[in-house]
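Here's a quick tour of one protein chain and its neighbourhood. Keep the viewer open and follow along.

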Amino acid sequence: METRPLIDPFQRPVTYLRLSVTDRCDFRCSYCMSEEMTFLPKKELLSLEELDRMASAFISLGVRKLRITGGEPLVRRDILSFFRAMKRHLDSGALDELTLTTNGSQLDRFAGELADAGVRRVNISLDTLDPDKFAGITRRGRLDKVLRGLDAAQEAGLRIKINAVALKGFNEDELFSLTDWCARRGLDLTWIEVMPMGDMGEEDRLGQYWPLSDLRDRLAERYTLTPLAERTGGPARYVRLEQTGQKVGFITPLSHNFCESCNRVRMTCTGELYMCLGQEDRADLRAPLRAHPDDDAALVAAIREAISHKPKGHDFDYSRERADGQMSRHMSHTGG
Ligand code: SAM
Ligand code: SF4
């Protein structure tokens, strides 16, 4: 099998795969899912063996960072066996990093095993430190359980980054308390601008929109912000707060300022590959995977074909306060 690295038409190497392993979740965050979700039939999902083949094919083509996401990845049954299997790619040196994005609800059970599988860092989504607000925004989550998970992850030696979605009228008043809490616990903090995903009502999307430019200005009223050169090939920008030494990130997925260095693709739990966060263009990789259970040549050819369609940039537009550019898919589908 030919293992030339994946380079897209704009000469960007594709080295980062974000892989969703389930569309299910134990939370129903209001900006992400509707209260009554219909989840996919299980047979639509890639099996754990298929996830292994898929991830391994990308790794053989030069992907060096694998992020597992969902839905909530840790509610997928026996997902730890998949993490343990991926450790072989870390051990061989083919993969630099195996990581995940989680709501933290299952980390008290799994943090130790994740560390044993070679996970070194984890992103935990946490929008508020107020138990009632937390229960409200997640509709069914419990803050104390997530905080126990966070403790377990720190005890297991995992480095933690907190991801908080910036929501107008919801966590604006926690800007400083969340920042201070992260500083005390040695956690990085990244703010995410809310995106027009799924079928949220127009009112919800635009009413909750808190531009990170405003958040950043408010942070600068209390701290000296030094921009950091660090780039991850994605939409995050970082600053250091000089007073605490802490790193704070800003993810503005609606901006175009990162497309030139884009190094990533996203796969849904059904094996659809999205070449760009902001565009609907996708390739079905489950069909070639299932059609040839013992041979990855067709899968690899389909991956190459898909990457040859990776677009130059994306296509959101919020500024006209209409649904232009709105994505019809949920973040839980492509994993954020
Ligand atoms: N369940 C896991 C979690 O919550 O971390 C992983 C999947 S979740 C879809 C990945 C990330 O997407 C989370 O940090 C979540 O806050 C973010 N997210 C979901 N919907 C979003 C939206 N409409 N705008 C911005 N971020 C969103
Ligand atoms: Fe679940 Fe994560 Fe979506 Fe919240 S953001 S509903 S935790 S997938």
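What follows goes through helix 2, some charged pairs, one strand residue, a pocket and a ligand site.

Before anything else, keep in mind that this is a predicted model.

**Helix 2 and its surroundings**

Let's start with helix 2, which covers residues 79-92. Which of its residues are buried? They are Ile 79, Leu 80, Phe 82, Phe 83, Met 86, His 89 and Leu 90. The cover over these buried residues includes strand 1 (16-20), helix 1 (48-60), strand 2 (65-69), strand 3 (97-102) and helix 3. Right after helix 2 comes Gly 93, and its phi is positive, near 90°.

**Charged pairs**

Side chains of opposite charge can pair when their charged atoms come close. In this model the count of salt bridges comes to 22. Three of them are worth a look in the table.

| Salt bridge | Closest N and O atoms |
|---|---|
| Glu 113 and Arg 84 | 3.2 Å |
| Lys 87 and Asp 91 | 3.3 Å |
| Arg 218 and Glu 172 | 2.7 Å |

Take the salt bridge between Glu 113 and Arg 84 to begin with. Glu 113 sits in helix 3 (residues 107-116) and Arg 84 in helix 2, so the pair ties together parts that are 29 residues apart in sequence. Both ends are partly exposed: Glu 113 has a relative accessible area of 34%, and Arg 84 has one of 43%.

Lys 87 and Asp 91 also form a salt bridge, this time inside helix 2. The two are four residues apart there, so about one helical turn separates them. Is Asp 91 buried or exposed? At 55% relative accessibility it counts as exposed, because the cut-off is over 50%. Lys 87, with a relative accessible area of 27%, is partly exposed.

In the third salt bridge, Arg 218 pairs with Glu 172. This one links distant parts of the chain, 46 residues apart: Arg 218 belongs to helix 8 (residues 212-222), while Glu 172 is in the loop between strand 5 (159-166) and helix 6 (175-185). Arg 218 counts as partly exposed, at 25% relative accessibility. Elsewhere, salt bridges with shared partners join Lys 65, Glu 97 and Arg 121 into one network.

**Leu 100 in strand 3**

Now find Leu 100, in strand 3. How much relative accessible area does Leu 100 have? The value is 0%, and the residue is buried. Setting aside neighbours within four places in sequence, Leu 100 is in contact with Arg 67, Ile 68, Pro 73, Leu 74, Phe 83, Leu 114, Val 119, Arg 121, Val 122 and Asn 123. Two names there have already come up: Phe 83 is one of the buried residues of helix 2, and Arg 121 is part of the salt-bridge network. As for Leu 74, it is 26 residues from Leu 100 along the chain, and their C-alpha atoms are separated by 9.3 Å.

**A pocket and a ligand site**

The second largest pocket holds about 230 Å³ of space. Its lining is made up of Thr 22, Arg 24, Lys 42, Leu 45, Leu 46, Ser 47, Leu 48, Val 75, Arg 76, Arg 77 and Asp 78. Sorted by class, that gives four nonpolar, two polar and five charged residues.

Ligand 2 has another kind of setting. Around it are Cys 25, Phe 27, Cys 29, Cys 32, Gly 71 and Asn 103. By class this shell has four nonpolar and two polar residues, with no charged ones.

Conventions: Residues numbered from 1 in each chain as written. Chains lettered and ligands numbered in written order. Predicted model: local features only at pLDDT ≥ 70, side-chain atom pairs only at ≥ 80, totals over all residues. Heavy atoms only, no water. Salt bridge = Lys/Arg side-chain N within 4 Å of Asp/Glu carboxyl O. Buried < 20%, exposed > 50% of the residue type's maximum accessible area, 1.4 Å probe, protein only. 1 Å grid on protein atoms, 1.4 Å probe; cavity = no way out; pocket = protein on both sides within 12 Å on 5 of 7 lines; lining within 4 Å. Points joined across faces, edges and corners; volume = space filled by probe spheres on them. Nonpolar A, V, L, I, M, F, W, Y, C, P; charged D, E, K, R; others polar. Near = heavy atom within 4 Å. Contact = heavy atoms within 4.5 Å.
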